[in-house]
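Trainee: I have the model open and would like to learn how its labels are earned. Could we go through some of them together?
Mentor: Gladly; let's put it on the screen and start.

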Amino acid sequence: MTALITRDELKAAIDAKTVTVVDALGGEYYAKQHLPGAVPLVLAEVGARAATVLPDRGAAVVTYCSNPACPNSGQVADRLTALGYTDVRKYREGIEDWADAGLPLEQG
């Protein structure tokens, strides 16, 4: 099971630029809005793209999805861990919680 990270912990890591945030929704969802600095990486692309967007397997990575019920972020996190990434966590809540808290989002 992938470790979880809270909104406050994630915000602090983003602000400190000590984490790579992975949007596990991708596509139109990513284009519409995503967490600050997030890179899109969906499960079907992890094997082919992970080394390109996440070159350091020891760096902190946090995956997220829309909400806690969405399985995408957990699946991407598990796949990254299986590929040898050692500091992978899942954002406990998801982008809906982030937006509801009034925190900034990016588009495009």
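**How the labels are earned**

Mentor: Keep in mind that this is a predicted model. Let's begin with two side chains: Tyr91 is buried, and Trp98 is buried as well.

Trainee: What makes the pair of Tyr91 and Trp98 edge-to-face?

Mentor: The structure holds one aromatic pair. The ring centres of Tyr91 and Trp98 are 6.1 Å apart, and a pair needs centres within 6.5 Å. Their planes stand at 90 degrees, where edge-to-face asks for over 60, so the pair of Tyr91 and Trp98 is edge-to-face.

Trainee: Next, helix H1. Which of its residues are buried?

Mentor: In H1, residues 7–16, they are Leu10, Ala13 and Ile14.

Trainee: How do you know that the buried residues of H1 line one face?

Mentor: Look down the axis of H1: the buried residues fall within an arc of 100 degrees, so they line one face of the helix. The face turned away from that buried side carries Asp8 and Asp15, which are exposed. Among the elements covering the buried residues of H1 are strand E1 (3–5), strand E4 (60–64) and helix H5 (95–100).

Trainee: What follows H1?

Mentor: Lys17 does, with a positive phi near 60 degrees. Lys17 sits in the loop between H1 and E2.

Trainee: Why does the phi of Lys17 deserve a remark?

Mentor: Most residues other than glycine have a negative phi. Lys17 is a residue other than glycine, yet its phi is positive.

Trainee: And why is Lys17 called exposed?

Mentor: The relative accessible area of Lys17 is 73%. The label exposed needs over 50%, so Lys17 counts as exposed.

Trainee: Why is Ala99 called partly exposed, then?

Mentor: Ala99, which lies in helix H5, has a relative accessibility of 31%. Buried would require under 20% and exposed over 50%, so Ala99 counts as partly exposed. The C-alpha atoms of Ala99 and Gln33 are separated by 9.7 Å, with the two residues 66 apart along the chain.

Trainee: What makes H3 roughly perpendicular to H4?

Mentor: Helix H3 (residues 46–53) and helix H4 (residues 72–82) pack at an angle of about 75 degrees, their axes being 11 Å apart. Roughly perpendicular covers 65 to 115 degrees, so H3 earns that description relative to H4. Val46, Gly47 and Ala50 of H3 meet Val76, Arg79 and Leu80 of H4. By class, that contact has four nonpolar residues, one polar and one charged.

Trainee: How do you know that the buried residues of H4 are on the same side?

Mentor: The buried residues of H4 are Ser73, Gly74, Val76, Ala77 and Leu80. They cover an arc of only 165 degrees around the axis, which puts them on the same side of H4. Their packing partners are E2, H3, E4 and E5. After H4 comes Gly84, with a positive phi near 105 degrees.

Trainee: One last label: why is Arg57 partly exposed?

Mentor: Arg57 has a relative accessibility of 39%. That label lies between the cut-offs of 20% and 50%, so Arg57 counts as partly exposed. Arg57 is in the loop between H3 and E4. Leaving aside residues up to four places away in sequence, Arg57 touches Leu83, Gly84, Tyr85, Thr86 and Asp87.

Notes. Residues are numbered from 1 along each chain as its sequence is written. This is a predicted model: local features need pLDDT of at least 70, side-chain atom pairs count only at pLDDT 80 or more; totals for chains, interfaces and linings use all residues. Side-chain values use heavy atoms; hydrogens and water are left out. Rings of Phe, Tyr and Trp (its six-membered ring) pair if their centres lie within 6.5 Å; planes under 30 degrees apart count as stacked, over 60 as edge-to-face and the rest as tilted. Buried means under 20% relative accessible area, exposed over 50%, partly exposed in between (1.4 Å probe, protein chains only). Helices (H or I, at least four residues) and strands (E, at least two) are DSSP runs, numbered from the N terminus. The arc is that of the directions from the helix axis to the C-beta atoms. Contact means heavy atoms within 4.5 Å. Axes are lines fitted to C-alpha atoms, for helices over the stretch in contact, and angles run from 0 to 180 degrees between N-to-C directions. Angles under 35 degrees count as roughly parallel, over 145 as roughly antiparallel, 65 to 115 as roughly perpendicular and the rest as oblique. Ala, Val, Leu, Ile, Met, Phe, Trp, Tyr, Cys and Pro count as nonpolar, Asp, Glu, Lys and Arg as charged, and the others, Gly among them, as polar.
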